[in-house]
Amino acid sequence: MPRALNEGGPFRLAERPTQTELLAKYFRAFADPTRLLILELVAQRERSVGELAALTGQAQPNISNHLGCLRWCGFVTTRREHRRVYYAIADTRVVDLLELARDLLGDNAEHVDCCRVIGTGED
């Protein structure tokens, strides 16, 4: 059995993950409602952690953790201005991907809502 990396982390992969495993992990970054909201907010304009915390109603450390994930995956980038860090979309294709997902969901929302496999904690 291959040794898993990040044994305590939520996105464990084999030592040499396949392209499919990496892609699945990549899409898991989109699987959190808070991260999606953060992406939507920074797609409008760059924002600070404090601003994102206020807009989402989440605690600042929680937002920072989500931003770390989004930054690590290459979805957002940072710009420092004095002591404040601003986050923005790193690549316009992220916005394109979200728009494509919304379009697809528009055609399949009822089916997604009825799905009992995804989102049950067993996926």
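These are my notebook entries on a predicted model of one protein chain.

**Overview**

I started with the fold as a whole. I count five helices and five strands in the chain. Going along the sequence, I read the order as β-β-α-α-β-α-α-β-β-α. Then I looked up burial: of the 123 residues, 24% count as buried. I also checked how far apart in sequence the contacting residues are. Taking contacts between residues at least 6 apart, 42% of them join residues at least 24 apart.

**The core**

Next I went looking for the nonpolar core. In general, nonpolar side chains of soluble globular proteins tend to be buried together. Here the largest nonpolar core has 19 residues. I noted the ones with the most contacts inside this core: Ile38, Leu39, Val42, Leu52, Ile63, Leu67 and Phe75. Which elements give two or more residues to this core? My list is helix H2 (33–44), helix H3 (49–56), helix H4 (60–72), strand S5 (84–89) and helix H5 (92–114).

I picked Ile63 from the core for a closer look. Setting aside neighbours within four places in sequence, I find Ile63 in contact with Thr34, Ile38, Val49, Leu52, Ala53, Thr56 and Gln58.

**H2 against H4**

I wanted the geometry of this helix pair. Two packed helices are described by the angle and the distance between their axes. The axes of H2 and H4 come within 10 Å and cross at roughly 75 degrees. Angles of 65 to 115 degrees count as roughly perpendicular, so I put H2 and H4 down as roughly perpendicular to each other. On the H2 side, the contact is made by Thr34, Arg35, Ile38 and Leu39. On the H4 side, I have Ile63, His66, Leu67, Cys69 and Leu70. Sorted by class, this contact has six nonpolar, two polar and one charged residues.

Thr34 sits in helix H2, and I looked up its burial. With a relative accessible area of 15%, Thr34 is buried, because the cut-off for buried is under 20%. Leaving out neighbours within four places in sequence, Thr34 is in contact with Gln58, Ile63 and His66.

Another H4 residue I checked is Pro61. Is Pro61 buried or exposed? Its relative accessibility is 57%, so I marked Pro61 as exposed. From Pro61 to Gly50 I get 9.7 Å between C-alpha atoms, and the two are 11 residues apart in sequence.

**H3 and the turn after it**

Which residues of H3 are buried? I find Val49, Leu52, Ala53 and Thr56. They cover an arc of only 100 degrees around the axis, so they are on the same side of H3. That goes with the helix repeat: an α-helix has 3.6 residues a turn, so residues three or four places apart point the same way. I then looked up what covers the buried residues of H3, and the cover includes H2, strand S3 (47–48), H4 and S5. Just after H3 I stopped at Gly57, which takes a positive phi of about 75 degrees.

**Strand S3 and the S4–S5 loop**

I turned to Ser48, which is in strand S3. Ser48 counts as buried, with a relative accessibility of 7%. Not counting residues up to four places away in sequence, Ser48 touches Arg84, Val85 and Tyr86. I also checked Ser48 against Ala88: they are 40 residues apart in sequence and 9.1 Å apart in space, C-alpha to C-alpha.

Where is His82? I place His82 in the loop between strand S4 (76–81) and S5. I flagged His82 for its backbone, since it has a positive phi of about 60 degrees although it is not a glycine. His82 counts as exposed, at 73% relative accessibility.

**H5**

My last stop was Val95, in helix H5. At 22% relative accessibility, Val95 counts as partly exposed. The band for partly exposed lies between the 20% and 50% cut-offs. How many residues separate Val95 and Leu39 along the chain? I get 56, while their C-alpha atoms are separated by 8.1 Å. Without neighbours within four places in sequence, Val95 has contacts with Ala43 and Ile89.

Methods:
Residues are numbered from 1 along each chain as its sequence is written. This is a predicted model: local features need pLDDT of at least 70, side-chain atom pairs count only at pLDDT 80 or more; totals for chains, interfaces and linings use all residues. Side-chain values use heavy atoms; hydrogens and water are left out. A nonpolar core is a set of buried Ala, Val, Leu, Ile, Met, Phe, Trp, Tyr and Cys residues joined through side-chain atoms within 4.5 Å. Buried means under 20% relative accessible area, exposed over 50%, partly exposed in between (1.4 Å probe, protein chains only). Helices (H or I, at least four residues) and strands (E, at least two) are DSSP runs, numbered from the N terminus. Contact means heavy atoms within 4.5 Å. Axes are lines fitted to C-alpha atoms, for helices over the stretch in contact, and angles run from 0 to 180 degrees between N-to-C directions. Angles under 35 degrees count as roughly parallel, over 145 as roughly antiparallel, 65 to 115 as roughly perpendicular and the rest as oblique. Ala, Val, Leu, Ile, Met, Phe, Trp, Tyr, Cys and Pro count as nonpolar, Asp, Glu, Lys and Arg as charged, and the others, Gly among them, as polar. The arc is that of the directions from the helix axis to the C-beta atoms.
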